[in-house]
Amino acid sequence: MSALPAAPSSTSFWPAPHTLGPVDATVEVPGSKSLTNRYLVLAALANGPSRLRAPLHSRDSRLMVDALRSLGAGVEEVDGDGRFGPDLLVTPIPADASGDASVDCGLAGTVMRFVPPLAALRNGRTFFDGDPHARRRPMGTVIGALRRLGVPLENDDDALPFTVEGSGGVAGGTLTIDASASSQFVSALLLVGARFSEGLRLEHIGPPVPSLDHISMTVQVLRELGVVIDDSVPNVWHVQPGTINAFDVRIEPDLSNAGPFLAAAVATGGTVRMPHWPADTTQVGAKWRTILPRLGAAVELTEDSTLVVRGTGTITGAELADTSELAPTVAALCALAQTPSLLTGIAHLRGHETDRLAALVAEINRLGGDAEETSDGLIIRPAALHGGPFHTYDDHRMATAGAILGLVVDGVGVENIATTGKTMPQFPELWEAVAATAEPSGPR
Ligand SMILES: O=C(O)C1=C[C@@H](OP(=O)(O)O)[C@@H](O)[C@H](O)C1
Ligand SMILES: C=C(OP(=O)(O)O)C(=O)O
């Protein structure tokens, strides 16, 4: 899992807006992908209809909605007060759901990892496939786990495509897995564990599990819905069998997708305000409050829950561990920094939408940068950047990283900006609006 795809799927390049001065903007971003797709799964398993307010509407959430519909859940759009689309009313998968089904996972890790265990609870065969690169993302742990739980599965090579042969229920019990390639392997099993007749005692054995914040999110959401889960022993999760309560929940804004906008303040020495910032959240994007000051910015959470980021005009490099899905945004800022940076604990990014470590090195260096892969991350040294094409490999976070560089480097063309539709279809228009607030003259 290291080579970049030979030929990018699109050759259209978006001229990244370039600013000559500091931005000064207030930005709202759509709902969290990770929360939306967790609540969708849990609504499909709950004991009655549920409502998601201000959910994400993007390719990944649409793929999840379509997957749950094909398994028998009802998902209806209803008017709500969210700025970015309707609310969702979900009726759970009926207990007697049966028949053959087919699920398109696209490139969504949450769909390809979270939905197969749900399919195992139904009576029928469910076929899973996805985008070409989805077939290269790690899947073996979920496939192996289902097999060891007694669920027959047609598959040759521990990857998409595969067929889950559900027989109407899973006993559960004790299971050991290696989740070092993705935290989603743990989340996938925890999300359904309460619906196994014996519950689930899940243990991870192997190199450290990455993206631990996402597992904390899973545990917190399950507890909110009445599931009893013990995570007091590191690497062990014990889910009691029981009911998942129906709910009515408001989805927090996506703090990972907030990142590029906050980075715009840092990159241009400007100010970005983000309202409705949750003070208490399990989203990994909570870490922006500590990461951005390490890179030289001033960050403040106001009493009215607005996160205000002020760039100083100087970006300092930093050593940062476990930045998970924030890493491409962090790497873009490090490429603009005046001192070197070391990013660690992100080896598993090689199995993300693309091999992100290879992609970041290739594209930063293509613009004249000085980035290098390590065994578990990146070293990025100061270098004068120039314009040019920025390939994105169908990876939304590569696209937003290219946009950040283009703000301060003239002539950056970001390939296939529409790939941001995976989690934020509004990205190009929101980004252009932020860039337009920059003062057109004056030194940065
Ligand atoms: O559970 C989730 O919602 C996610 C978990 C993380 O996956 P990995 O553990 O594979 O990094 C993260 O990177 C991904 O964007 C979303
Ligand atoms: C890794 C990511 O996505 P996925 O949910 O497809 O794993 C991501 O959004 O950065």
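A residue counts as near a ligand if its C-beta atom, placed from the backbone, lies within 6 Å of it. On that basis 13 residues surround ligand 1, and S34, S182, S183, S211 and H214 come nearest. The model is a predicted one.

**Ligand 1**

The shell around ligand 1 divides into 1 nonpolar, 11 polar and 1 charged residue. Two helices, α3 (109-121) and α5 (184-193), each supply at least two residues of this shell. Domain 1 (13-29 + 253-435) and domain 2 (33-250) both contribute to the shell, so ligand 1 lies between them.

Helix α5 is mostly covered: 10 of its 10 residues are buried. Among them are Q184, F185, V186 and S187. Q184 also appears in the UniProt record, in an unreviewed entry, under the feature "binding site".

**Ligand 2**

Around ligand 2 stand A108, G109, T110, E325, H352, E353, R397 and T423. By class, this shell has 1 nonpolar, 4 polar and 3 charged residues. Ligand 2 lies between domain 1 (13-29 + 253-435) and domain 2 (33-250), because both give residues to its shell.

G109 lies in helix α3. With 29 other C-beta atoms within 10 Å, G109 is buried, because 20 or more is the cut-off. The UniProt "binding site" feature, from an unreviewed entry, covers K33, G109, R137, Q184, R356, R397 and K422. G109 and R397 from that list are also in the shell around ligand 2.

**Strands and sheets**

Strand β23 (residues 412-415) has pairings with β1 and with β22. Strand β1 (residues 13-15) pairs with β23 in the antiparallel sense over 3 bridges. Here F13 stands opposite E415. Strand β22 (residues 388-390) runs parallel to β23, and 3 bridges join them. In that pair P389 stands opposite G413. Between β22 and β23 the chain passes through helix α11 (residues 396-408), and this β-α-β crossover is right-handed.

Another 4 strands form an open sheet, in the order β10-β11-β13-β12, with mixed pairing. The edges are β10 (173-177) and β12 (229-230); each has a single partner strand, so one side of each is left without a neighbour in the sheet. Inside this order, β11 (residues 200-204) and β13 (residues 236-239) pair in the antiparallel sense over 4 bridges. L200 stands opposite V239 in β13.

**Backbone details**

The peptide bond from L160 to P161 is cis, with omega near -5°. P161 is found in the loop between β8 (153-154) and β9 (162-167).

Two residues have a positive phi although neither is a glycine: H276 and S324. The table sets out phi, place and C-beta neighbours for each.

| Residue | Phi | Loop | C-beta neighbours |
|---|---|---|---|
| H276 | about 60° | between β15 (271-274) and α8 (288-294) | 15 within 10 Å |
| S324 | about 50° | between β18 (319-321) and α9 (327-335) | 21 inside 10 Å |

Is each of these residues buried or partly exposed? H276, with 15 other C-beta atoms within 10 Å, is partly exposed. S324, with 21 C-beta neighbours inside 10 Å, counts as buried.

Methods:
Residues are numbered from 1 along each chain as its sequence is written. Chains are lettered from A and ligands numbered from 1 in the order in which they are written. This is a predicted model: local features need pLDDT of at least 70, side-chain atom pairs count only at pLDDT 80 or more; totals for chains, interfaces and linings use all residues. Ala, Val, Leu, Ile, Met, Phe, Trp, Tyr, Cys and Pro count as nonpolar, Asp, Glu, Lys and Arg as charged, and the others, Gly among them, as polar. Domain bounds come from an automatic or database domain assignment. Two strands pair if DSSP finds at least two bridges between them. A crossover is right-handed if, with the strands pointing away from the viewer, the path from the first strand over the helix to the second runs clockwise. UniProt positions are given in the numbering used here, feature names are shortened, and annotations may be inferred rather than shown by experiment. A residue is buried if 20 or more other C-beta atoms lie within 10 Å of its own, exposed if 12 or fewer, and partly exposed in between; C-beta atoms are placed from the backbone.
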